[in-house]
Amino acid sequence: MLKTPAIVLNVKTYTESTGTNALELTRLMGKIASETNVSMAIAVQACDLSRCAELGSIPVYAQHIDPIKPGSSTGWTLPEAVKQAGAVGTLINHSEHRLILADIDTCILRAKDLGLETLVCTNNVATSKAVATFSPGLLAVEPPELIGGDISVTTADPGIVSNTVQAVRKINSSVKILCGAGVKNGKDVSKAIELGADGVLLASGVVKAKNKEEVLRDLAAGIF
Ligand code: G3P
């Protein structure tokens with residue numbers, strides 16, 4: 001299970017984090033994680049899973065799995081394939097790849113059967129409460145309107161973080177809770193921890209940064 005507090009980078013499908021760039025970012029995060037002793041993980045595109053996982057530096061997650069079993073599902077992402085490619089876990093239900101509740105449940109069950117860690121994204125407190133009943137390992141609350149923006153959820157909507165933490169802990173205290181959307185620096189990370197979260201899920205703040213190492217070190221500093 002991912003050690004928390006943690007910084008989880010979802011590299012999405014940006015050019016700056018595709019293919020060899022994903023590999024470079026994984027390598028860089030591995031270096032910073034080991035130097036700072038801060039727990040970090042990266043979620044890469046399915047095509048990049050194998051090579052990033054082969055580095056063996058930080059936990060590599062898939063960005064998505066589908067609620068399917070081996071067989072005839074052309075173009076879908078089979079949980080077994082993600083596992084064989086070296087992923088230790090997977091995001092489920094990211095705002096940019098939403099699933100219906102029943103499929104979230106199936107994905108979590110399929111992932112658990114395979115020993116894959118589960119990080120389920122939610123868009124508000126109500127969805128977080130519903131997802132908590134499925135017992136994912138981690139849940140990340142991200143208001144969709146703040147994703148990719150300049151203002152961190154911890155500043156723009158701290159209530160969604162603290163209320164999610166409170167509501168989810170009441171339902172299922174074993175679920176680790178991250179927050180994300182607009183997170184950019186160490187201050188945002190420490191605010192997330194202050195609000196009760198176990199870390200952050202972020203993307204553009206690192207992927208689009210000119211100096212990724214500087215940003216990652218600043219984020220890591222926010223954990224303490
Ligand atoms: O999965 C993380 C994400 O949706 C947040 O994106 O660019 O606002 O950090 P960003």
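# Exercises on a predicted model

Asn37 sits in the loop that joins α1 (20-36) to β2 (39-44); helices (H or I, at least four residues) and strands (E, at least two) are DSSP runs, numbered from the N terminus. The model is predicted, so local features need pLDDT of at least 70 and side-chain atom pairs pLDDT 80 or more, while totals for chains, interfaces and linings use all residues. Residues are numbered from 1 along each chain as its sequence is written, and side-chain values use heavy atoms, without hydrogens and water.

## Exercise 1: backbone exceptions

Task: state what phi Asn37 has, and which peptide bond is cis.

Solution.
1. Most residues other than glycine have a negative phi, and most peptide bonds are trans.
2. Asn37 is not a glycine, yet its phi is positive, about 65°.
3. The bond from Thr4 to Pro5 is cis, with omega near 0°.
4. Pro5 belongs to the segment before β1 (6-10).

## Exercise 2: α5 against α7

Task: describe how helix α5 (residues 125-132) and helix α7 (residues 158-171) cross.

Solution.
1. Two packed helices are described by the angle between their axes and the distance between the axes.
2. Axes are lines fitted to C-alpha atoms, for helices over the stretch in contact, and angles run from 0 to 180 degrees between N-to-C directions.
3. The axes of α5 and α7 come within 9 Å and cross at roughly 25°.
4. Angles under 35 degrees count as roughly parallel, over 145 as roughly antiparallel, 65 to 115 as roughly perpendicular and the rest as oblique; α5 and α7 are therefore roughly parallel to each other.
5. Their crossing is right-handed (the near helix is turned clockwise from the far one by less than a right angle; anticlockwise would be left-handed).
6. In contact (heavy atoms within 4.5 Å) are Val125, Ser128, Lys129 and Ala132 of α5 with Ile160, Asn163, Thr164, Ala167, Val168 and Ile171 of α7.
7. This contact has six nonpolar, three polar and one charged residues. Ala, Val, Leu, Ile, Met, Phe, Trp, Tyr, Cys and Pro count as nonpolar, Asp, Glu, Lys and Arg as charged, and the others, Gly among them, as polar.

## Exercise 3: α1 against α10

Task: give the packing angle of α1 and helix α10 (residues 212-221), and the classes of residue in their contact.

Solution.
1. The angle is about 40°, with the axes 10 Å apart.
2. The crossing of α1 and α10 is right-handed.
3. Among the residues in contact are Leu25, Leu28 and Met29 of α1 and Leu216 and Arg217 of α10.
4. By class, the contact of α1 with α10 has six nonpolar, one polar and five charged residues.

## Exercise 4: empty space

Task: find the volume of the largest cavity and of the largest pocket.

Solution.
1. On a 1 Å grid over the protein atoms alone, a cavity is a set of points where a 1.4 Å probe fits but cannot get out; a pocket is an open set with protein on both sides within 12 Å along at least five of seven lines; lining residues have an atom within 4 Å of a point.
2. Grid points are joined across faces, edges and corners, and a volume is the space filled by probe spheres set on the points.
3. The largest cavity holds about 110 Å³; among its 16 lining residues, Lys12, Ala181, Leu202, Ala203 and Ser204 lie nearest the centre.
4. The largest pocket has a volume of about 280 Å³; of its 15 lining residues, Thr13, Gln45, Gln63, His64 and His97 are closest to its centre.
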